[in-house]
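Labels such as "salt bridge", "buried" or "donor" rest on cut-offs. The exchange below asks how each label is earned.

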Amino acid sequence: MKYADLHLHTRYSDGTFTPEELVAEAVQHSLSALALTDHDTVEGCADTARACAAAGITFITGTELTAEIDDTEVHLLGYFLDTANERLLTEITKFQTVRQQRIHEMVARLNALGLPLQVEAVFALANCRSPGRPHVARALVKAGLINHLDEAFDRFLKKGRPAWVPKARMSAPESIQLIHQAGGLAVMAHPGLNRTDDIIPGLVAAGLDGIECFHTKHSTLMSERYLGFADQFHLLVTGGSDCHGYSKARPLIGTVKLPYEYVEKLTAAALARRPAAPGANG
Ligand code: AMP
Ligand code: FE
Ligand code: FE
Ligand code: ZN
């Protein structure tokens, strides 16, 4: 049997692996295909594609965007994107700028709470254009201001806590359109995480192509539930570990193994979407 992992992060956002380290892990877990889905960036795709080619692994470009619909946050995965697409790059650059501003704001709030964290320490640790809360959490641990990453989220960084700052988010229809115009397929990420099933019909109406039925945080029952939604709304099925490297004690890659038939269906759908190359028929 061949398997894939279509939800992975590297150092280009909040993962801890370099693309090369990620692909080495994929080899260890005998994966035949993988997709890189760093938050608000496609920057790691070139290096990951190269490492995959060397390892004989099929690579799929991707990203994970934060969107909203009916006042509900939803993460949208874009697959098979043209990573040189100008509009895509313009929009994700805006998200990255907001992420960087947000780091300043989160650190200011932490400072006001009496934690002497330096913003430069967070940026040095993140060392990427798409920094996020995990970088702030890691910097807090590194500075010895808290003991554990979970503590950072529980006490300060999760929604409703004093250093939480909202992230920029597009409307889901806009986000889906952005993915489509870049040649990609739009997939609802980890629907079981926030149990917001009521937004699915609206996403489908906006052009959603697929749903991530298999995810580390989905129970078997949840996966079955979302396979049911996929059937009902004629959506493609995807799955992945959402591995962020050593942000957990043990990397999650390998814990979700998507059967290859789903990759084949996804690939066929992406190819069918692509306009015929001009002049291809003489
Ligand atoms: P951000 O994109 O900056 O809002 O950060 C979201 C990321 O933080 C997610 O992709 C996870 O990697 C991580 N995360 C969110 N909630 C938690 C939590 N409670 N504990 C640890 N990591 C978390
Ligand atoms: Fe993340
Ligand atoms: Fe997510
Ligand atoms: Zn993710």
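What follows is a set of questions and answers on a predicted model.

Q: What makes the contact between Arg 99 and Asp 40 a salt bridge?
A: The closest N and O atoms of Arg 99 and Asp 40 are 2.7 Å apart. The cut-off between a side-chain nitrogen of Lys or Arg and a carboxyl oxygen of Asp or Glu is 4 Å, so the pair of Arg 99 and Asp 40 qualifies. The search of the whole structure finds twelve salt bridges.

Q: Why can Arg 99 and Asp 40 be said to tie together parts of the chain?
A: Arg 99 belongs to helix α3 (residues 86-112), while Asp 40 sits in the loop between β2 (33-36) and α2 (45-55); the two parts are therefore 59 residues apart in sequence and joined by this pair. Both residues are buried.

Q: How do you know that Glu 73 and Arg 169 form a salt bridge, and where in the chain do they lie?
A: Their closest N and O atoms are 3.2 Å apart, which is within the 4 Å limit. Glu 73 is in strand β5 (residues 72-79) and Arg 169 in the loop between α6 (149-157) and β6 (170-171), so this pair links distant parts of the chain, 96 residues apart.

Q: Why is Glu 73 called partly exposed?
A: Its relative accessibility is 30%. Buried requires under 20% and exposed over 50%, so Glu 73 falls in between. Arg 169, at 29%, counts as partly exposed because of the same cut-offs.

Q: What makes Asp 209 and Arg 273 a salt bridge, and which burial labels do they get?
A: The N to O distance is 2.5 Å, within the 4 Å limit. The pair links Asp 209, in the loop between α8 (200-205) and β8 (210-215), with Arg 273 in helix α10 (residues 260-273), 64 residues apart. Asp 209 has a relative accessible area of 10%, under the 20% limit, and is therefore buried. Arg 273 has 37%, which lies between 20% and 50%, so Arg 273 is partly exposed.

Q: Which residues are joined into one network by shared partners?
A: Glu 68, Glu 73 and Arg 169 are joined by salt bridges that share partners.

Q: What makes Glu 64, His 75 and His 190 donors of the iron ion (ligand 3)?
A: The atoms concerned, OE of Glu 64, ND1 of His 75 and NE2 of His 190, lie 2.0 to 2.3 Å from the ion. The donor cut-off is 2.8 Å, so these atoms count as donors. In sequence the donor residues are spaced E-x10-H-x114-H. Glu 64, in strand β4 (residues 62-69), and His 190, in the loop between β7 (185-188) and α8, are 126 residues apart. Glu 64 and His 190 are buried. The iron ion (ligand 3) and the iron ion (ligand 2) are 5.9 Å apart.

Q: How do you know that the radius of gyration agrees with a compact globule?
A: For 282 residues the globule rule gives a value near 19 Å, and the protein chain has 19 Å, so the two agree. Of the 282 residues, 51% count as buried. Among contacts with a separation of 6 or more, 70% are between residues 24 or more positions apart. The protein chain has ten helices and ten strands.

Methods:
Residues are numbered from 1 along each chain as its sequence is written. Chains are lettered from A and ligands numbered from 1 in the order in which they are written. This is a predicted model: local features need pLDDT of at least 70, side-chain atom pairs count only at pLDDT 80 or more; totals for chains, interfaces and linings use all residues. Side-chain values use heavy atoms; hydrogens and water are left out. Helices (H or I, at least four residues) and strands (E, at least two) are DSSP runs, numbered from the N terminus. Buried means under 20% relative accessible area, exposed over 50%, partly exposed in between (1.4 Å probe, protein chains only). Donors are N, O and S atoms within 2.8 Å of the metal (3.2 Å for Na, K and Ca); water is not among the atoms, so sites may look incomplete. The radius of gyration is taken over C-alpha atoms; the globule rule is 2.2 Å times the number of residues to the power 0.38. Contact means heavy atoms within 4.5 Å.
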